Each structure stands twice: as C-alpha cells, then as structure tokens.
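Here is a quick walk through a two-chain model, written for someone who likes to check things in the viewer. Have a look at the coordinates first, then read on.

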Amino acid sequence: MITLDGFDRRLLAALEEDATQSAGQLGRRFGHSQPATWRRIKRLQDAGILSGQRLSLNLEALGFGVTVFLGVKLATKGRVSLEDFERAVSAIPEVQTVQHVLGMYDYRLRVVARDLSDFERILRRRIMTLPGVGDVEANVLLSEERRPGPLG
Amino acid sequence: MLSDTDRRILRQLQAVPDLSMTELAQRAGTTPATCLRRLAKLRDNGIVLGQHAQINWAALGFTVEVSLRITLDKTHRNAFDQFLEEARKVPEVIEIQTFLGRVDVRLSVLARDMTHYQTVYRKRILTLPHINDIEALMHLSTVKTDPALPI
C-alpha cells in the first residue's frame, strides 16, 4: 500500500468531485506542474486507488422517478444456493446494485423504476419470484449525498 | 427532450465514463465537436449532474464498510436537519441517504478494521443527535454494480 501525502489527498478529493479536470488544471489549482500532477494521478491509478469513474445522471429527468432500496432475507438458507439467488437477481435490469450483507438481511438491492406502479410490477414479477427469497423490506429513497470520505 | 444522438452519447458514457471525446464520438456515431456541444448542453440542462472519480477505499486500507440504518426521534422538531448536519461532520461517513419507509436515514461508514469501527461507532455515531434506533448491516461483498439506466 502506498502512503499518501497532502497533494495526493487533495487530488483524490478534487477528482471525486469532478473527474473531468485535466492534470494541467489541477496542477495550477494546487501549485504543481502539469507533468508532476499527471505522474501523481498515474501513481494513484496504478496503485488501484483511483478505480475508474462514475457518471451521475438526473434520474428523474430521464424518467426514472423512483429509487427503492430492498432488504432481502433468504427464506430457506442452506437449501437454496447463494449463487442461484445472486445469478437471478443480477440478471434483473432494474436492479442496479446487489450487496451481500451480514445482519438482519442477507442482501441489499438498489432498484430503479419509472414510478411506484412500475416498482410494484418489478417487485411482484421479478423480486418475489427469485429463488429462495423470503422477507423483503422496501424503503423509498428521498435524498442521497456522497461525502468526500476520510481523506483529511 | 433528448435527441437520439443525446441518448447514444449517454448510453456510451454510462458504460465507460472515462472515454476520451474522440473515442466517445466514434462509439456514439458522431463527431467530437458535436459530442462536446451536446454534453455541455446536457450538463446545463441538469441531466448530466457530474462525473466523479471512484476511490477504491480498500486499496487505502479501509476494509470495513458498514451500513447503519437509523430511525430518528421525529417528535423533535428539526430532528432530520440537525442529525444530517452533524453526520456530515464525521469523515468516515461516505454516504448519507434519507428514506420513506421503516428506516429514516442510512449512513455508509468506512473503517480500517473492526477496532477502528468500534471507535468511530462509539465516539462519532452514537453521539449524533435524535437517534431512536440503529441497525447495522456489515458489507460482505458487492455482487453487482451497474448504475447504467436503459436510456
């Protein structure tokens, strides 16, 4: 693992906020040359710390008005294979993320839908029919914010 | 509304957000100049909200991620606002979501290991205002992550 200095941390925070900034722009902002900044960014990429980009879209403007998080408990643990469940749930296009968790639920799903009736259709036809699915709890997302994280 | 070109650009960009403008234009079947102009417009219209670098926290030594599902004491006025304001001050909190449902707020908390998590939990989380109840889900693995929308 590489150790980060203040410049690395500032670069990470700045790129987390806006990844379209060039090495030249970032260098000028933090008082380093373009090549030195580029080398730092390259080093962070090579170390696997900068692992790609994420595009943030206005879901509502694109017609996806509802995001729901589902907590899913498997009904027959031990009898149904986790792989079967994971394969089936990953194949649902409206399911954006699937996390295997430890606690009162086994899986956490992020589901996008056009509206609540579209969500109901996904829940009934796709989620409730998954192999081994038991208890499902739904929470409708109202707001969401990403924080810079422990970079300070 | 979105044109077909906009849709093609967004589809390609969703799949690979760090494409160069030339590459993106090629895949979307248009010219770099058009691509640049369309993207600027999509940003101005608030359809593209931003492009963010993804930080691999595990590579920085943060191997523990816990989802804290919190219900707040709603009898208190401003419980939400005061809670959120204080939660934003905790550096280990990387995501804050609010919900309609059984859970009011969810925090994603990062830690270096379980000892570190215990410290953060006791000193920074349990001291947040207006908490009624907390449930923890420990993150084991990500099975799928595909934020692409069928545009």
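What follows goes from the contact between the chains to one helix, the nonpolar cores and a few unusual backbone angles.

## The contact between the chains

Keep in mind that this is a predicted model. The contact draws 53 residues from chain A and 52 residues from chain B. On the chain B side, α1 (4-15), β1 (48-55), β3 (93-100) and β5 (131-145) each put in at least two residues. The largest share there, eleven residues, belongs to β5(B). Sorted by class, the side of chain B that touches chain A holds 28 nonpolar, 16 polar and eight charged residues.

## Strands that cross over

Strand pairing also links the two chains. β1 of chain A (residues 50-57) and β1(B) run antiparallel, with six bridges between them. If you want a pair to click on, take Leu55(A), whose bridge partner in β1(B) is Gln51(B).

There is another link of this kind: β5 of chain A (residues 133-146) is joined to β3(B) by six bridges, again antiparallel. Here Val140(A) has Leu100(B) as its bridge partner. Within chain B, β3(B) also pairs with β4(B), antiparallel and over five bridges, and Gln97(B) stands opposite Arg106(B) in that pairing. The hairpin of β3(B) and β4(B) has four residues between its strands, and Gly101(B) takes a positive phi there, near 155°.

## A helix with two sides

Now for α3(B), residues 32-44. With 13 residues at 1.5 Å each, the helix should span 18 Å, and its end C-alpha atoms are indeed 18 Å apart, so the two values agree.

Which residues of α3(B) are buried? They are Cys35(B), Arg38(B), Leu39(B) and Leu42(B). They cover an arc of only 100° around the axis, so they sit on the same side of α3(B). That buried set packs against α1, α2 (21-28) and β1 of chain B. Ala33(B), Arg37(B), Ala40(B) and Asp44(B) are exposed on the other side of the helix. After α3(B) comes Gly46(B), with a positive phi near 75°.

## Nonpolar cores

The largest nonpolar core has 32 residues, and Leu107(B) and Val109(B) touch the most other members. Both chains feed into this core: α1 (6-17) and α3 (34-46) of chain A each supply at least two residues, as do β1, β2 (64-72), α4 (79-87), β3, β4 (105-111) and α5 (114-125) of chain B. β4(B) gives the most, with five residues.

Leaving out residues up to four places away in sequence, Leu107(B) touches Leu68(B), Ile70(B), Ala87(B), Val93(B) and Ile96(B). Apart from this core lies another, of 22 residues, including Leu70(A), Val89(A), Tyr105(A) and Val111(A).

## Two positive phi angles outside glycine

Asn78(B) is not a glycine, yet its phi is positive, at about 65°. The residue lies in the loop between β2 and α4 of chain B. Is Asn78(B) buried or exposed? It has 10 C-beta neighbours inside 10 Å, so it counts as exposed.

His130(B), also a residue other than glycine, has a positive phi near 65°. You'll find His130(B) in the loop between α5 and β5 of chain B. With 20 C-beta neighbours inside 10 Å, His130(B) counts as buried, because the cut-off for burial is 20 or more.

Note on methods: Residues are numbered from 1 along each chain as its sequence is written. Chains are lettered from A and ligands numbered from 1 in the order in which they are written. This is a predicted model: local features need pLDDT of at least 70, side-chain atom pairs count only at pLDDT 80 or more; totals for chains, interfaces and linings use all residues. Two residues are in contact if their C-beta atoms, placed from the backbone, lie within 7 Å. Ala, Val, Leu, Ile, Met, Phe, Trp, Tyr, Cys and Pro count as nonpolar, Asp, Glu, Lys and Arg as charged, and the others, Gly among them, as polar. Two strands pair if DSSP finds at least two bridges between them. The expected span of a helix is 1.5 Å times one less than its number of residues. A residue is buried if 20 or more other C-beta atoms lie within 10 Å of its own, exposed if 12 or fewer, and partly exposed in between; C-beta atoms are placed from the backbone. The arc is that of the directions from the helix axis to the C-beta atoms. A nonpolar core is a set of buried Ala, Val, Leu, Ile, Met, Phe, Trp, Tyr and Cys residues joined through C-beta atoms within 7 Å.
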